[in-house]
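Hi,

Here is the structure I promised to pass on. Have a look at it first, and then read my notes below.

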Amino acid sequence: MREDMYKVIVERPRREKDGDAIAARLRNDFDGPMRLGTRAGYGYRSLNENLAPLRRYLHAQIGRPWNKVFSEICAGIDRRNTVQHHIHQHIRDFIALEVDVREGRLVDLSSRWGFLRRDLGIFQELYVDPRTGLIRLNKGYRFWRYGAAECRRREQVEIETRRRIVDERTFLLLLDDVWFRVEVDVLPKERFVENVVDGKPYRHVISEPRYDIVLRRNISRAMSTELQHCRRLYGSGDLYAVSKRQLSTREIKANRLR
């Protein structure tokens, strides 16, 4: 590895400032907050790393033991340095280090991308052979966007097997291997409330909660995690379950659920 590898990768001008900063949008929002911070509307510069040399270097090490290659990387790129440590974080973008063989398929046990399912294989161009410790080329490599699209397609097929749409407010859902008729409604929209404290106006958002009978807890539009569950169950994060009723055997046969 060349001695100035970290300079080639990191030390180059950053990109222009992000023009889609939240504060920048608020500056033109007449219904927004009364005051903004000192940096409001100016945005931040994003990183502009050149990772091609690191990728070429790793490809040139195919067939070599990963332990030796990693020692050479650590000798040239010091992890104690904050800037150089950032390069180590990008190594897993090109090579899968913790690999196992399950049902004849290579699986990355430490996938950095939460939206990629491990059972679909590894998505890096290279991997460390779990049997020999050597760097190998991933012959089944696909760009991560294709893997993400495959994950979404499989998830959608799985959801369709567990949900039938009667109308826009009624669904048939398979919950814990039992079919239910679920009635849904729309979550209340967020509203802005202004208060005056010590003579200064303050504006905050109120999200009214509603009890979801399927999730068995209160949810609101401010709860992003709960809205994801609603999106998987009802197809929209704007809906919540008002009531549910277990289907009879006759209803299950009539709707061809079995």
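To start with a term: on a 1 Å grid over the protein atoms alone, a cavity is a set of points where a 1.4 Å probe fits but cannot get out, and its lining residues have an atom within 4 Å of a point. This is a predicted model, where local features need pLDDT of at least 70, side-chain atom pairs count only at pLDDT 80 or more, and totals for chains, interfaces and linings use all residues. Residues are numbered from 1 along each chain as its sequence is written, and side-chain values use heavy atoms, with hydrogens and water left out.

The cavities

Searching the whole structure turns up two cavities of 30 Å³ or more, and the largest holds about 40 Å³ of space (a volume is the space filled by probe spheres set on the points, which are joined across faces, edges and corners). Its lining is made of Ile159, Arg162, Arg163, Leu173, Leu174, Leu175, Arg232 and Leu233. Helix H6 (144-162), S7 and H7 each give two or more residues to that lining, with S7 providing the largest share, three residues. Helices (H or I, at least four residues) and strands (E, at least two) are DSSP runs, numbered from the N terminus.

Helix H7

H7 covers residues 224-234, and its buried residues are Glu226, Leu227, Cys230, Leu233 and Tyr234. Buried means under 20% relative accessible area, exposed over 50%, and partly exposed in between (1.4 Å probe, protein chains only). Looking down the axis of H7, the buried residues fall within an arc of 120 degrees, so they line one face of the helix; the arc is that of the directions from the helix axis to the C-beta atoms. Among the elements covering these buried residues are strand S6 (163-167), strand S7 (170-175) and strand S8 (178-186). Right after H7 comes Gly235, with a positive phi near 85 degrees.

Two more residues

Asn138 sits in the loop between strand S5 (135-137) and H6, and counts as buried because its relative accessibility is 10%. Its side chain reaches the backbone oxygen of Gln124 at 2.9 Å. Leaving out residues up to four places away in sequence, Asn138 touches Ile122, Gln124, Glu125, Leu126 and Tyr127 (contact means heavy atoms within 4.5 Å).

Leu106 belongs to strand S3 (residues 105-108) and is partly exposed, because its relative accessibility is 21%.

Cheers

Conventions. 1 Å grid on protein atoms, 1.4 Å probe; cavity = no way out; pocket = protein on both sides within 12 Å on 5 of 7 lines; lining within 4 Å. Polar contact = N/O pair within 3.5 Å; in protein donor to acceptor, adjacent residues only side chain to side chain.
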